[in-house]
Amino acid sequence: MTDKTPTSRRNFLKGSIAAGGALAATPALAAGDPAITEVQPWANQLGEGVDVAPYGMPSKYEAHVRRRDVPWLTADPVSSVNFTPLHELDGVITPNGLCFERHHGGTADIDPAKYRLMINGLVEKELVFTLQDLKRFPRQNRAYFLECAANSGMEWRGAQLNGCQFTHGMIHNVIYTGVSLRTILEQAGVKTNGKWVMPEGADASAMTRSIPIEKALDDCLVAFAMNGEALRPEQGYPVRLVVPGWEGNMWVKWLRRIEVGDMPWHHREETSKYTDLMANGKARRFTWEMDAKSVITNPSPQAPITHGKGHTIITGVAWSGRGTIKEVHVTTDGGRNWHQARIDGPSWDKSMHRFYYEFDWDGSPLLLQSRAVDSTGYVQPTKNELRAVRGENSIYHNNGIQTWHINEKGEAENVEIS
Ligand SMILES: Nc1nc2c(c(=O)[nH]1)N[C@H]1C(S)=C(S)[C@@H](COP(=O)(O)O)O[C@H]1N2
Ligand SMILES: [Mo]
């Protein structure tokens, strides 16, 4: 963002706010602004014709809007993670090219003609579907957030990473098209002792997780499209499991098999990983649901306030694995006073919500926080409230309140005050 506003325009702006108490920064005419008086290069020659990019890409001026990784976090990029640039996004949908990636054995490169989905185990009839077979069942379209259980995991012991992309970017929110898992399981006929399902990935990590049959028959989707187009390879092309509201690890990508069993399998990803080590040294297993959480995305360390004092828009996102977000509260003074934020955009079940809080910044330092309340009445806790229950050993399921310190220049820093 540039800050080349001529001083005359600045002063006019300040004057108009002071005089009229205008809600928004009303732009004023600036005499001699070359962006108005000069013919710009894009106007004195023809532009590119259609089809220069048969698959369109964002403007070159948006090149900084990209996923980023933290190189020291993992030893090798094939078993690693990168992060959604939340501070560059608005609304509630994550564009496909910006959805964070988390792979345990790299991205599988699957030929859709050779794609197969097997249903086996405690079923009346074991079945194998091709991609075409799957697309002949009734389809559903649903928006859901996917949050990795390790999102904000680096922040358990204190403020660490300087940007919401890194502290909160292991999340995306996408509209999926797919077939309900219930429909698929009904084809095979789950036996009465079939109490659990185990989805398995076709990638080199062969990811597996145990899911109780109640969830499998409730709202899970066998999805083949995201935001209107085929899944991206990184997100599980051609087919992934969608497990609404539950931790991202269970959303098996490159889905190749679903086994029905009578007990959980207790595989690696639900024992040695994705369990929560408590203060007494015992691990809490099966923390499936993602608790309500929120974060202010703007301003934040990667997106400072650049316009100086005056009318300022604070925005962020909130979500809950148990339903919708009923309210978001914002504080600018570290929790002394809380204000009701305005939620704008769709309020879908287990989907990201967008909030705004508009206020007149006097230029003094701020301690910004947001706090989500979900449709069950659950209130997002402070980090200390979370530690009181969970101890200091945890990595996963950190939904504590995030604080950004804003200085007089509008620069933001990751800090902790509670
Ligand atoms: N087959 C397979 N499925 C997988 C994984 C994987 O490595 N292999 N990673 C899991 C984890 S830990 C997460 S958080 C999500 C990440 O989904 P994304 O890459 O679409 O963001 O996929 C899950 N499904
Ligand atoms: Mo994850």
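What covers the buried residues of α5? Keep that one in mind while we find our way around this model, which is a predicted one.

Let's start with the overall layout. The chain splits into domain 1, residues 77–284, and domain 2, residues 293–415. Taken over C-alpha atoms, the centres of domain 1 and domain 2 sit 27 Å apart. Where they touch, domain 1 puts in 31 residues and domain 2 puts in 32 residues. On the domain 1 side, β5 (140–147), α4 (164–168) and β13 (276–277) each give at least two residues to the contact. The largest share there belongs to α4, with 4 residues. If you sort the residues on this side of domain 1 by character, you get 17 nonpolar, 11 polar and 3 charged.

The UniProt record adds a label of its own: an unreviewed entry marks residues 285–402 as "domain: Moybdenum cofactor oxidoreductase dimerisation". In the model, that span is 38% strand and 7% helix, and its end C-alpha atoms are 26 Å apart.

Now for the helix we opened with. Helix α5 covers residues 181–188, and its buried residues are L181, I184, L185 and A188. Why do these four belong together? They take up an arc of only 95° around the axis, so they sit on the same side of α5. And here is what lies over them: the cover includes the strands β3 (117–121), β4 (127–129), β6 (171–180) and β9 (221–226), along with the helix α6 (213–216). Right after α5 comes G189, which has a positive phi, near 75°.

Helix α7, residues 383–390, can be read in a similar way. Its buried residues are K383, L386 and R390. Look down the axis of α7 and you'll find these residues within an arc of 60°, so they line one face of the helix. Turn to the other side of α7 and you meet N384, A388 and V389, which are exposed. Part of what covers the buried residues of α7 is β13, the strand that also helps form the side of domain 1 touching domain 2. After α7 the chain goes on to G391, whose phi is positive, near 75°.

Next, some backbone oddities. Most residues other than glycine have a negative phi, and most peptide bonds are trans. With that in mind, have a look at S152, a residue other than glycine with a positive phi near 70°. You'll find S152 in the loop between β5 and α4. Is S152 buried or exposed? It's buried, because 28 other C-beta atoms lie within 10 Å, and 20 or more is enough to count. H397 also has a positive phi, near 60°, and is located in the loop between α7 and β22 (403–406). H397 is buried too, with 24 other C-beta atoms within 10 Å.

The chain has cis peptide bonds to look at as well. One runs from Y237 to P238, with omega near 5°, and P238 is in the loop between β10 (229–230) and β11 (240–242). Another joins N298 and P299, with omega about 0°. P299 belongs to the loop between β15 (293–298) and β16 (310–319).

Finally, take a look at ligand 1. It has 21 residues around it, and those that come nearest are H104, C148, G201, M207 and G248. The shell around ligand 1 is a mix, with 8 nonpolar, 8 polar and 5 charged residues.

How values were computed:
Residues numbered from 1 in each chain as written. Chains lettered and ligands numbered in written order. Predicted model: local features only at pLDDT ≥ 70, side-chain atom pairs only at ≥ 80, totals over all residues. Near = placed C-beta within 6 Å. Nonpolar A, V, L, I, M, F, W, Y, C, P; charged D, E, K, R; others polar. UniProt positions renumbered as here; feature names shortened; annotations may be inferred. Domains from an automatic or database assignment. Contact = placed C-beta atoms within 7 Å. Buried ≥ 20, exposed ≤ 12 C-beta atoms within 10 Å, placed from the backbone. Arc of directions from axis to C-beta.
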